[in-house]
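Let's take a walk through this one, with an eye on its core, its surface and a few backbone oddities.

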Amino acid sequence: MEKTLKIAVLGGGSWATAIVKMLAESMDEVGWYMRSVYAIEHIKRNDHNPSYLSSVEFDVSKLKLSNDINEIVAYADVCIFAIPSAFLHSELSALTVSFDGKRVVSAIKGIVPETGLIVGEYFNQHYNVAMEDIGVLTGPCHAEEVALERLSYLTVAFADEQKAKELAEYFENDYINCKISDDIIGTEYAAVLKNIYAIAAGIAHGLGYGDNFQSVLMSNAIREMKRYIKKVHKMKRNINDSAYLGDLLVTGYSVFSRNRLFGNMLGKGYTVRSAQLEMSMIAEGYYATKSAFELNQKQGAKTPILDAVYAVLYENKNPKKIFQKLAEKLD
């Protein structure tokens, strides 16, 4: 297809860097907003992000780089947000440009903590972006494997299938396959929940539980995810599709999973604060746990794994005792 959309990525971390890499394979120009002037100047001089996926080399002539969020939003027809959810609200405080006529895509996989909303709902309610112009970009896909050009899979979701297909074509190449979905609410909640379950998997590993327990934990997690999403947004979906089960498995098991790493540190005895300080990247599941737990107080889904992670993260409960109780609830 003729590439006619102007697409911009907002964020400077590893996932944002991976998204820019994928788009640059098929596009003549990609907009890229990042807050750090140092990072922008480094990329212009040295062709790579100094802090994230530094092995990825860019053709800088293809990049429209700016630390001015208004310049990049004004430029783009499609804005793909990959800013950690904990910082999205503050980053957007400088925005004066309208999203009118633009598509907004969440690649964040988190809940905006100031509002308790998933990113799509946040843009809809706070920036008047119509739900038909909101999309979701999800996995199963780790940024580190994109950097290595290992065969990976993305899911692009829009309520309008044609918009999903159109954006998917910009990502597909020799090492990226894209699936499309019309479940913008379910895929985004799945991306949020799988980070929480990856923390659970990490805690279990840190406590010394083996592969047998992990398999039971993950099989319970996908059923818990199904119950939770059905309460939030009831529609026909196959929870075994890659956007749900696949993304859960890769986040729960992969050595690249920052949420699993965060949980592993907690299981080994780190406090929440010390684990956060030692990690160089954000574990989205930390923030997601509180918002998902509080939402479920109204929804009433049966969520023993979510409840266990919440008890460890926010009630300062002993992980060993909490997971002994959790193990009795799993089947």
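Here is a short tour of the model, starting inside and ending with the backbone. Keep in mind that this is a predicted model.

**The core**

The largest nonpolar core holds 53 residues, and among them Leu217, Met225 and Phe262 touch the most other members. Helices α8 (184-207), α9, α10 (242-253), α11 (258-267), α12 (272-278), α13 (284-299), α14 (304-314) and α15 (319-329) each put in at least two residues. The top contributor is α8, with 13 residues.

**A charged spot on the surface**

Lys226, Lys230, Lys231 and Lys234 make up a positive surface patch. Lys226 sits in helix α9 (residues 211-232). Its relative accessible area is 47%, so Lys226 counts as partly exposed, the class between buried (under 20%) and exposed (over 50%).

**Backbone oddities**

Two residues have a positive phi although neither is a glycine: Leu53 and Asn316. Here they are next to each other:

| Residue | Phi | Loop | Relative accessible area |
|---|---|---|---|
| Leu53 | about 45° | between α2 (37-46) and β3 (63-66) | 14% |
| Asn316 | about 55° | between α14 and α15 | 72% |

Which of the two labels, buried or exposed, goes with Leu53? Leu53 is buried, because its 14% falls under the 20% cut-off. Asn316 is exposed, because its 72% is over 50%.

There's also a cis peptide bond, with omega about 15°, joining Gly139 and Pro140. You'll find Pro140 in the loop that runs between β8 (134-138) and α6 (143-147).

Methods. Residues numbered from 1 in each chain as written. Predicted model: local features only at pLDDT ≥ 70, side-chain atom pairs only at ≥ 80, totals over all residues. Heavy atoms only, no water. Patch = residues over 30% accessible without salt bridge, like charges linked within 9 Å, V, L, I, M, F, W, Y side chains within 5 Å. Areas by Shrake-Rupley, 256 points an atom, 1.4 Å probe, with all protein chains shown as cover. Salt bridge = Lys/Arg side-chain N within 4 Å of Asp/Glu carboxyl O. Lys, Arg positive; Asp, Glu negative; His and termini not counted. Charge placed at Lys NZ, Arg CZ, Asp CG, Glu CD. Helix = DSSP H or I, 4+ residues; strand = E, 2+ residues; numbered from the N terminus. Buried < 20%, exposed > 50% of the residue type's maximum accessible area, 1.4 Å probe, protein only. Core = buried A, V, L, I, M, F, W, Y, C linked by side-chain atoms within 4.5 Å.
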